[in-house]
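This report describes the interior of one protein model, with attention to its nonpolar cores and its cavities.

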Amino acid sequence: MRVAIVTESFPPDIDGAAHWAWQTVRHLERHGHEPLVLAPARRRVRCRSDVVAAVVRLPAPVWPGGRRLARALAAHRPDLVHVTGSDALRARGVAAGGRLGVPVVAVRRTVPAGPAEGGRRTADRTLAPSPAAARALAECGVPRVRPWPPGVDPERFHPRRRDLELRRALAPGGELIVGYVGRLAAEKRLDLLAPVCALPGVRLVIAGDGPYAAALRGLLPGARFLGCRTGDELARIHASLDVFVHPGPPRASSLGVREALASGVPVIAPATGDPCDPVRHGRTGLLVRHGDAQALRDAVLTLESGRRRRAEFGLAGRELVAGRTWEVVGDQLLGYYGEVVGVSVG
């Protein structure tokens, strides 16, 4: 099957969306399908990447719409269009698929504040990052929604990666190491970590890059900013944390959360009301009210004083997510593809 993946983020971009798209390409290739990635050209590369894939880079001034996108899709002659990105890109991808007469699977990473889609042609399947997000999208009027949470590499992200030398470098005074790994953007609400950063005996560590990085250095003056890290180095950082903290947004299904849990690290995150959330309150971590900086601080203090509890949460978290591999996630996606093309896709 020929699949056109239209995305706004793909390696060498280093973020969750890019990694997710790359894992999708790898799975399709392993199963004998022919993916083509349509992505914008990037002038700057923040991190090196060894990703190799069939990618058509469209110049940024005409992205995400325009004739070049339509021509690139037509040239590939896809059996299916898979689109992930902004509302504008998703709408153009759905329209382009309609003109080609092929089904469209659209990935949504955010939930609208009110009624969505507005009578426009919609995707044949819309994939949401969690069951809670899927329900919220359906309530907003989005049809044919299915949950599609991300996967994790449980061999790379593993408790055995814990590095005592790295821990001594990050917290020479033996402080509790509380970390965040991910894109540094305003919507991640990392500003809520200011009270955590000010706690005595706690070292806040942030790995990642993004448009909010400079502002965060001013808001979190005591934090250690590690910049963008990848591969085994990132795995060592995850496993060397005592606590992973994910301030928000609550319906986002963070790759960093799953990587932390796979690394045997308890997680503090905003409550979603989703029973399938891998952060289970009192089992794999602690859930707090979204937007409540004091609640984040109190949760850190709770785990700071409970070394045995942290260890128990870490073991339970590892057990919960280790089976949700990228292979499992990829097979689930192929099942959704099969639903819209009308044949079994393996």
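Contact here means that heavy atoms lie within 4.5 Å of each other. The model under discussion is a predicted one. By that criterion, L220 is in contact with L190, L193, A194, C197, L204, I206 and F225, leaving aside residues up to four places away in sequence.

**Nonpolar cores**

L220 belongs to the largest nonpolar core, which comprises 54 residues. Together with V178, F244 and I268, L220 touches the most other members of that core. Helix α10, spanning residues 293-304, makes the greatest contribution to this core, namely six residues. Separate from it is a second core of 24 residues, whose members include V25, L80, V107 and W148.

**Cavities**

Three cavities of 30 Å³ or more are present in the structure. The second largest of these encloses about 80 Å³ of space. Its lining consists of A17, W20, A21, T24, H82, T84, V107, R109 and W148. V107 and W148 thus occur both in this lining and in the second core.

Two elements, α1 (16-30) and β4 (80-84), each provide at least two residues of the lining. The largest share comes from α1, with four residues. The composition of the lining by class is set out below.

| Class of lining residue, second largest cavity | Number |
|---|---|
| Nonpolar | five residues |
| Polar | three residues |
| Charged | one residue |

Which residues of the second core also line the second largest cavity? Among them are V107 and W148.

How values were computed:
Residues numbered from 1 in each chain as written. Predicted model: local features only at pLDDT ≥ 70, side-chain atom pairs only at ≥ 80, totals over all residues. Heavy atoms only, no water. Core = buried A, V, L, I, M, F, W, Y, C linked by side-chain atoms within 4.5 Å. Buried < 20%, exposed > 50% of the residue type's maximum accessible area, 1.4 Å probe, protein only. 1 Å grid on protein atoms, 1.4 Å probe; cavity = no way out; pocket = protein on both sides within 12 Å on 5 of 7 lines; lining within 4 Å. Points joined across faces, edges and corners; volume = space filled by probe spheres on them. Nonpolar A, V, L, I, M, F, W, Y, C, P; charged D, E, K, R; others polar.
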